[in-house]
Amino acid sequence: LDKVMFYTNKTLALLPKLNEKEDADIRVDVYSSAAQHYFLIGDKKPDSLLINKAILYADTCLNIGLKYNINDGMADAYYILSYGYSNKKNYSNAILFAKKALSYKESIPDRTVFNIYSSITKTYLEMGENKLTEVYLDSCKLLPASKELDAPTIIYEIEYTLFKRTGKYKESLLALENLMKLKQEILNQDRNNTINDLEVKYQTE
């Protein structure tokens, strides 16, 4: 985390050397990354000053995106701001900014679209809005990225909590079993990768 902070600040320090308009894309990317990194470190510490700084960088990213019509930058900024407000338990603003991010979904990667939908779903779950949680959960499942990387894990976790809360115990148990199976597969894959690495090192020696 110290290295993340060090290199993030080094990058931010170079921004005054860039052209405001011609390098707007780069500036958006840097502020977006800085916001995400400060949130990451603020979560680990935790430190409200770091979270506030992250929101400031996300705001700056948004302003540049709006000024120079950089859609992916605006989507990133809204999504990051949504995460920040969710972190502060300000759920109404978290939902507001996440939905604004979705208005640019044609300009952002499928995985980012899934992240935004799942973020809204989890926020509604936190708020106890079971019906809305179910609606957005269904939307998550229909997205192309719902089968990729850790997306199924996120879906099963939400299903388990939602179904348990609403008394759908068979569905909740099935979600839990699917979740445990998936985590075991990931664990086995990690073990196989470790064994393969050790085998390569042994053969090399």
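**Helix H6 and its packing partners**

Let's start with H6 and H7. Their axes lie 8 Å apart, and the packing angle is about 160 degrees. That is over 145, so H6 runs roughly antiparallel to H7. The crossing is left-handed. Keep in mind that this is a predicted model.

Who makes the contact? From H6 we have Phe-114, Tyr-117, Ser-118, Ile-120, Thr-121, Tyr-124 and Leu-125. H7 answers with Leu-132, Thr-133, Tyr-136, Leu-137, Ser-139 and Cys-140. Sorted by class, that contact has nine nonpolar residues, four polar ones and no charged ones.

Next, H5 against H6. H5 covers residues 91-102, and H6 covers residues 110-127. The angle is about 160 degrees here, with the axes 10 Å apart. H5 is therefore roughly antiparallel to H6. This crossing is left-handed.

Now the residues. H5 brings Tyr-91, Ala-94, Ile-95, Ala-98, Lys-99, Ala-101 and Leu-102. They meet Val-113, Ile-116, Tyr-117, Ile-120, Thr-123, Tyr-124, Glu-126 and Met-127 in H6. The split is twelve nonpolar, one polar and two charged. Look at Tyr-117, Ile-120 and Tyr-124 of H6. They are in the contact with H5, and they are in the contact with H7 as well.

Third pair: H6 and H8. These axes come within 11 Å and cross at roughly 20 degrees. That is under 35 degrees, so H6 counts as roughly parallel to H8. The crossing is left-handed.

On the H6 side, the contact uses Arg-111, Phe-114, Ser-118, Thr-121, Lys-122 and Leu-125. On the H8 side, it uses Ala-151, Ile-154, Ile-155, Ile-158, Thr-161, Leu-162 and Arg-165. The classes come out as seven nonpolar, three polar and three charged. Phe-114, Ser-118, Thr-121 and Leu-125 take part here, and they also appear in the contact with H7.

One last residue: Asp-150. Where does Asp-150 lie? In the loop between helix H7, 130-142, and helix H8, 151-165. Is Asp-150 buried, partly exposed or exposed? Its relative accessibility is 36%, so Asp-150 counts as partly exposed.

Its side chain has a partner. A polar contact of 2.6 Å joins Asp-150 to the side chain of Arg-111. We have just met Arg-111, on the H6 side of the contact with H8.

And a distance to finish. Asp-150 and Phe-97 are 53 residues apart in sequence. In space, C-alpha to C-alpha, Asp-150 and Phe-97 are 24 Å apart.

Terms used
Residues are numbered from 1 along each chain as its sequence is written. This is a predicted model: local features need pLDDT of at least 70, side-chain atom pairs count only at pLDDT 80 or more; totals for chains, interfaces and linings use all residues. Side-chain values use heavy atoms; hydrogens and water are left out. Helices (H or I, at least four residues) and strands (E, at least two) are DSSP runs, numbered from the N terminus. Buried means under 20% relative accessible area, exposed over 50%, partly exposed in between (1.4 Å probe, protein chains only). A polar contact is a pair of N or O atoms within 3.5 Å; within protein, one must be able to donate a hydrogen and the other to accept it, and residues adjacent in sequence count only if both atoms are side-chain atoms. Axes are lines fitted to C-alpha atoms, for helices over the stretch in contact, and angles run from 0 to 180 degrees between N-to-C directions. Angles under 35 degrees count as roughly parallel, over 145 as roughly antiparallel, 65 to 115 as roughly perpendicular and the rest as oblique. A crossing is left-handed if the near helix is turned anticlockwise from the far one by less than a right angle, and right-handed if clockwise. Contact means heavy atoms within 4.5 Å. Ala, Val, Leu, Ile, Met, Phe, Trp, Tyr, Cys and Pro count as nonpolar, Asp, Glu, Lys and Arg as charged, and the others, Gly among them, as polar.
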